Amino acid sequence: MHLNNIAGRTYNDLNQYPVFPWVLVDFESEELDLTDPGVFRDFTKPVGSQNPVIEQTVRERYKEFDDPTMGKFHFGSHYSNAAGVLHYLIRLEPFTSLHIDLQSGRFDHADRQFFSIASSWSTIYNTGTDVKELIPEFFYLPDFLKNINDYDLGKLQSGDRLGDVILPKWAATPEDFIATHRGALECDYVSSQLHHWIDLVFGYKQTGPEAEKATNVFNYYSYEDNVNLEKIEDEGERRQIESIINNFGQTPTQLFTEPHPQRMTSLEAWRSVVRGYGKKSSCNLLEHLDNVKTHCVDVSGEEDPVVFVGTPTIQTRALIASGNPEQLVTVTISGRLNIHGWLPFSSTKSRPFTFQFDSNAHFDR
C-alpha cells in the first residue's frame with residue numbers, strides 16, 4: 001500500500017486504484033500448503049505471461065507488430081482499470097451502481113461477471129486476453145465475496161444462478177479465504193519473490209528494454225510520461241486520448257530505476273533485530289536488557305522451541321514467590337513472538353506454567 005500511495009494510486013480514482021498481485025495458482029486443492037513453491041505464481045513475469053504457451057505467443061505478436069500510428073505493446077488490455085475494479089466489487093455499493101451505469105443500465109452477462117476465484121484465474125492463465133491483477137480487498141475484505149444485498153446477477157450458461165463468489169476448495173468461508181490469502185501474501189516464499197513483481201509494476205522493468213524482455217509493455221497512452229493532455233490543443237484529439245486512458249487503464253508512476261531489494265524472511269528479520277543491524281535500529285528487543293529478565297526452559301523435542309523468555313523487571317529465582325506477572329513473553333526459534341498465561345495449580349502438572357499458545361493473548365510480529 002505504501003508503494004501504491006507513493007505511485008499515485010488511490011481509492012478515490014477507479015482508473016488509478018491500488019494494485020495488488022495475484023499470489024496463488026492453486027485453487028483446487030482441499031488444503032493449501034504455503035511451503036510448496038508450486039502453489040504460487042511466477043512473480044518474475046506479468047500475470048498475462050504465466051502460461052509459457054501464451055508468453056511465447058505474446059512475444060511473437062510483439063515482434064511482428066507494425067503500426068506507425070501506435071507503439072508496440074504486449075497486451076491489448078491492462079492489469080488495472082476502472083472496469084476491472086468494478087468487476088471485482090460488483091456486489092458492493094457504490095460499485096454495483098457504477099457497474100450498471102457502465103453496462104448501459106443493466107448487469108453484464110452472468111458468465112462475464114466475477115463469480116469464481118478459480119475460474120477468474122483460469123481465464124487469465126488460459127486466454128492471454130484478461131490480464132487483471134488483484135485489488136487490496138482480496139486481502140482484507142470478505143464482504144465483497146458475498147452477495148449480501150441479494151442482487152439478481154443472472155444465470156450462468158450452466159443454469160446456476162449467481163450469488164456469492166465461489167471460493168477455492170481450501171477456503172470454507174469468505175473470512176477463511178481472506179485470512180489464508182493474506183497469509184500467502186505475507187509468507188516467506190512470497191517475501192522472497194515479491195520484489196520481482198515490484199520491478200514490473202513500480203520499478204525498472206516497467207518501461208524500456210527491460211519491459212520488452214519481461215513482456216511487460218502496455219498501450220502507449222497508459223504511461224504518464226507519454227502524454228500531456230494539457231498540451232493537446234485539439235479538443236477532439238484530447239477527448240479521444242482521455243477515452244483510451246479511461247477505458248484501458250493507467251500504469252502506476254515509476255518509482256524505481258534499479259532492481260528492488262529482496263524482502264527478509266521472518267527468521268532473517270528476527271536475526272537482524274537480535275543482532276541489531278546498524279546503530280539506528282529502533283526495534284532491537286535486546287537493546288535494553290536491564291528492563292528484561294530471562295530464564296532458560298527445557299525445549300527438547302519441541303517443533304518450534306522457545307529461545308527467549310522475558311518477564312518485566314522480575315528476577316527469575318523469585319518468579320513464583322514474588323507475586324508473578326500475569327503473562328510471560330516468549331520468542332521461538334522461528335521468530336514468533338508470543339504471550340503466555342499461567343495455569344491453575346494441579347497435582348497432575350509439575351509446573352504451574354505452560355508454553356502452549358494462549359489463543360486469547362497470542363500475537364505474531
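**Loop residues and helix faces in a predicted model**

Methionine 70 touches Phe65 and Asn219, once residues up to four places away in sequence are set aside. In this predicted model, methionine 70 sits in the loop that runs between α2 (52-64) and α3 (82-88). Its partner asparagine 219 is 149 residues away in sequence, yet the two C-alpha atoms are 8.4 Å apart in space. Methionine 70 is partly exposed, its relative accessible area being 35%; this value falls in the partly exposed class because that class spans what lies between buried, under 20%, and exposed, over 50%.

Asparagine 219 also leads to a second loop residue, serine 222. The backbone oxygen of asparagine 219 is 2.8 Å from a polar atom of the serine 222 side chain. Serine 222 belongs to the loop between α8 (208-213) and α9 (235-248). With a relative accessible area of 2%, serine 222 is buried. Its contacts, apart from neighbours within four places in sequence, are His78, Phe248, Gly249, Gln250 and Thr251. Asparagine 219 thus appears twice in this part of the model, in contact with methionine 70 and, through its backbone oxygen, beside the side chain of serine 222.

A third loop residue brings a charged side chain into the picture. Aspartate 26 is located in the loop between α1 (2-6) and α2. Aspartate 26 is buried but has no salt bridge. The nearest side chain of opposite charge is that of lysine 169, 8.7 Å away; no salt bridge is assigned because one requires a side-chain nitrogen of Lys or Arg within 4 Å of a carboxyl oxygen of Asp or Glu. What the aspartate 26 side chain does have is a polar atom 3.1 Å from the backbone nitrogen of glutamate 28. Beyond four places in sequence, aspartate 26 is in touch with Leu32, Val39 and Trp170.

Turning to the helices, α4 spans residues 95-102, and its buried residues are Phe95, Thr96 and His99. Viewed down the axis of α4, these buried residues fall within an arc of 105°, so they line one face of the helix. The element they pack against is α3. Serine 104 follows α4 and has a positive phi, near 60°.

Helix α5, residues 117-127, can be read in a similar way. Here the buried residues are Ile117, Ala118, Ser120, Trp121 and Ile124. Down the axis of α5 they fall within an arc of 165°, and therefore line one face of the helix. The buried residues of α5 pack against α6 (174-186). At the N-terminal end, α5 is capped by serine 116, which places a side-chain oxygen 3.4 Å from the backbone nitrogen of alanine 118. After α5 comes glycine 128, with a positive phi near 80°.

These local views belong to a protein with 10 helices and four strands. Along the sequence, the elements follow the pattern α-α-α-α-α-α-α-α-α-α-β-β-β-β. Of the 365 residues, 42% are buried. Among contacts between residues at least 6 apart in sequence, 62% join residues at least 24 apart. The accessible surface of the protein comes to about 20,500 Å², and 50% of it belongs to carbon and sulfur atoms.

Technical notes. Residues numbered from 1 in each chain as written. Predicted model: local features only at pLDDT ≥ 70, side-chain atom pairs only at ≥ 80, totals over all residues. Heavy atoms only, no water. Helix = DSSP H or I, 4+ residues; strand = E, 2+ residues; numbered from the N terminus. Buried < 20%, exposed > 50% of the residue type's maximum accessible area, 1.4 Å probe, protein only. Polar contact = N/O pair within 3.5 Å; in protein donor to acceptor, adjacent residues only side chain to side chain. Contact = heavy atoms within 4.5 Å. Lys, Arg positive; Asp, Glu negative; His and termini not counted. Areas by Shrake-Rupley, 256 points an atom, 1.4 Å probe, with all protein chains shown as cover. Arc of directions from axis to C-beta.
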